[in-house]
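Hello,

Here is the structure I promised to pass on. My notes follow below it.

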Amino acid sequence: MKNLQLIKSDNLSELLELLKKEERKYNIIAGGTDVMVLLKEFLIDPQCLYDVSGLSELKEILVDNDSIEIGSAVTMSDIISDSEVSRYAPVLVSALKEVGSPLIRNRATLGGNVGNSSPAGDSIPALFVLNARVNIVSEGNERSVKIEDFILGPRRNVLEKGEIIKSFVIDKMGTDERSFFLKAGSRNALAISKANLAFRFMLKDNLVKSMNLSFGSVGPVVIKSTMIPQLFIGKKPDPGLIDKSCSLVSEEIKPIDDFRSTAKYRVKVLENLLRKCLDEFC
Ligand SMILES: Cc1cc2nc3c(=O)[nH]c(=O)nc-3n(C[C@H](O)[C@H](O)[C@H](O)COP(=O)(O)OP(=O)(O)OC[C@H]3O[C@@H](n4cnc5c(N)ncnc54)[C@H](O)[C@@H]3O)c2cc1C
C-alpha cells in the first residue's frame, strides 16, 4: 500500500480522460466499504485509487414513465429513503435494507455492490428481477449491458480499462405487482448472505401472469430461475405446485461448501425462503 495515490475529481469527463491515460495499476473507489477491506487484506494492490464518490452525474435518481435510473454513486441510504424508488422498486429497497448496518449503508453505493461482483451482493438478485441494465462509460464511449451479462464470476465483470459504471436503469413495477427480498445470514445484522432470493410476480384472475425469481449466494454468480417461473405462469397456484417448485431449487443452483455454510444447508435454506414467498399465493 506504499505510495498509494488517491485521485478525486468532481468532473466526470476529466476523470474518464485521466483513467484512459492511466498506465499504473488502479482501482475505482466509491464508498470504500469493500475496497478498504480488500486493501487491508492485500487482496488488491493498486498504485492509485480513482474516487468516483464526488461525481454529481453518478449521484442522481431519475424517474421516467416506465423506468428509474439510479446513479452508481448513490448511497444505499439515499436509495432507501427515496420515495419513488420505494414506491416503484420496493424489492430493491428491501434488499438494501438488509445490507450491513446503517453506517455501512451510509457509505456503500449501488455501483460498489455491483462493481464488487460478489455472488453474495444483496442488491444483485433485486436488480435481476427488475431487469436492470448497467450503463457503462469511458472517455468518448457509452454502452449498456444487462445485469446478468455484467457479472462474469466471483469478483469478475465486463468492465474494461478506462470504464466505470455510470448508472442502473430498472423497471418501474406496476401497482398490481408484488415482490419480496429474503435473506438468510448467520445473525440478524452485519451478516453476509448464506442464501438470498428476490421474487416479483403478478396474479390476474387468480392465475400467475408474470414471475421473476433470482437466487444469490448459491453459485459463482447470481442465478436467474427459469424452471420455477415456467412452472407457474398461466396457472392457479396451489400447494402441489409450490411443493414441486421447491423441489426444483436444487436443480437450478450450484452452491458450494465454504466458511459461511455447506452446500446442503444452502439448498435447504433457499427452499425454505422460496416456500415462505410462495405461501403468499395460497
Ligand atoms: C461490515 C460490512 C458489512 C457488509 N455487509 C454487506 C451485506 O450485508 N450485503 C452486501 O451485499 N454487502 C455487504 N458488505 C459489502 C459492501 O458494503 C457492499 O458491497 C457495498 O455496496 C460496496 O459499495 P462501496 O461504495 O463501498 O464500494 P467500494 O468499496 O468503493 O467498491 C467496491 C468495488 O466496486 C468497484 N466500484 C465502485 N464503484 C464503481 C463504479 N462507479 N464503477 C466501476 N466500479 C466501481 C470498486 O472498484 C470495487 O471493486 C459489507 C461490508 C462491510 C465492511
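**Strands β11 to β13**

N196 of β12 stands opposite G216 in β13. Strands here are DSSP runs of E with at least two residues, helices are runs of H or I with at least four, and both are numbered from the N terminus. Two strands pair if DSSP finds at least two bridges between them.

Before the rest, the ground rules. This is a predicted model, where local features need pLDDT of at least 70, side-chain atom pairs count only at pLDDT 80 or more, and totals for chains, interfaces and linings use all residues. Residues are numbered from 1 along each chain as its sequence is written, and side-chain values use heavy atoms, with hydrogens and water left out.

β12 and β13 run antiparallel, joined by 9 bridges. Their hairpin has 2 residues between the strands, and D205 takes a positive phi near 50 degrees there. On the β11 side, 8 bridges join β12 to β11, again antiparallel. A184 stands opposite A195 in β12. Of the 10 residues of β12, 8 are buried (under 20% relative accessible area, 1.4 Å probe, protein chains only). The strand is therefore largely enclosed by the rest of the structure.

**Helices α11 and α12**

α12 covers residues 263–278, 16 in number. Its first and last C-alpha lie 23 Å apart, close to the expected 22 Å (1.5 Å times one less than the number of residues). Its buried residues include R266, E271 and C277, along with L270, L273 and L274. Which elements cover them? Among them are β11, β12, β13, α10 and α11.

α11 packs on α12 at about 150 degrees, with the axes 9 Å apart. Axes are lines fitted to C-alpha atoms, for helices over the stretch in contact, and angles run from 0 to 180 degrees between N-to-C directions. That makes the two helices roughly antiparallel (over 145 degrees). In α11, I242, D243, S245, C246, V249 and S250 meet V267, L270, E271, L274, R275 and L278 in α12. Contact means heavy atoms within 4.5 Å.

**The sheet of β1, β2 and β3**

This open sheet has 3 strands in the order β1-β3-β2, with parallel pairing. β1 (5–8) and β2 (26–29) are the edge strands, each pairing on one side only. Neighbouring strands are turned by 25 degrees against each other on average, direction ignored. β2 and β3 (48–51) share 4 bridges, and I28 has Y50 in β3 as its bridge partner. Helix α1 (residues 12–21) packs on this sheet and touches β1, β2 and β3. Its direction makes about 155 degrees with that of β3.

Best wishes

Methods: Buried < 20%, exposed > 50% of the residue type's maximum accessible area, 1.4 Å probe, protein only. Parallel < 35°, antiparallel > 145°, perpendicular 65-115°, else oblique.
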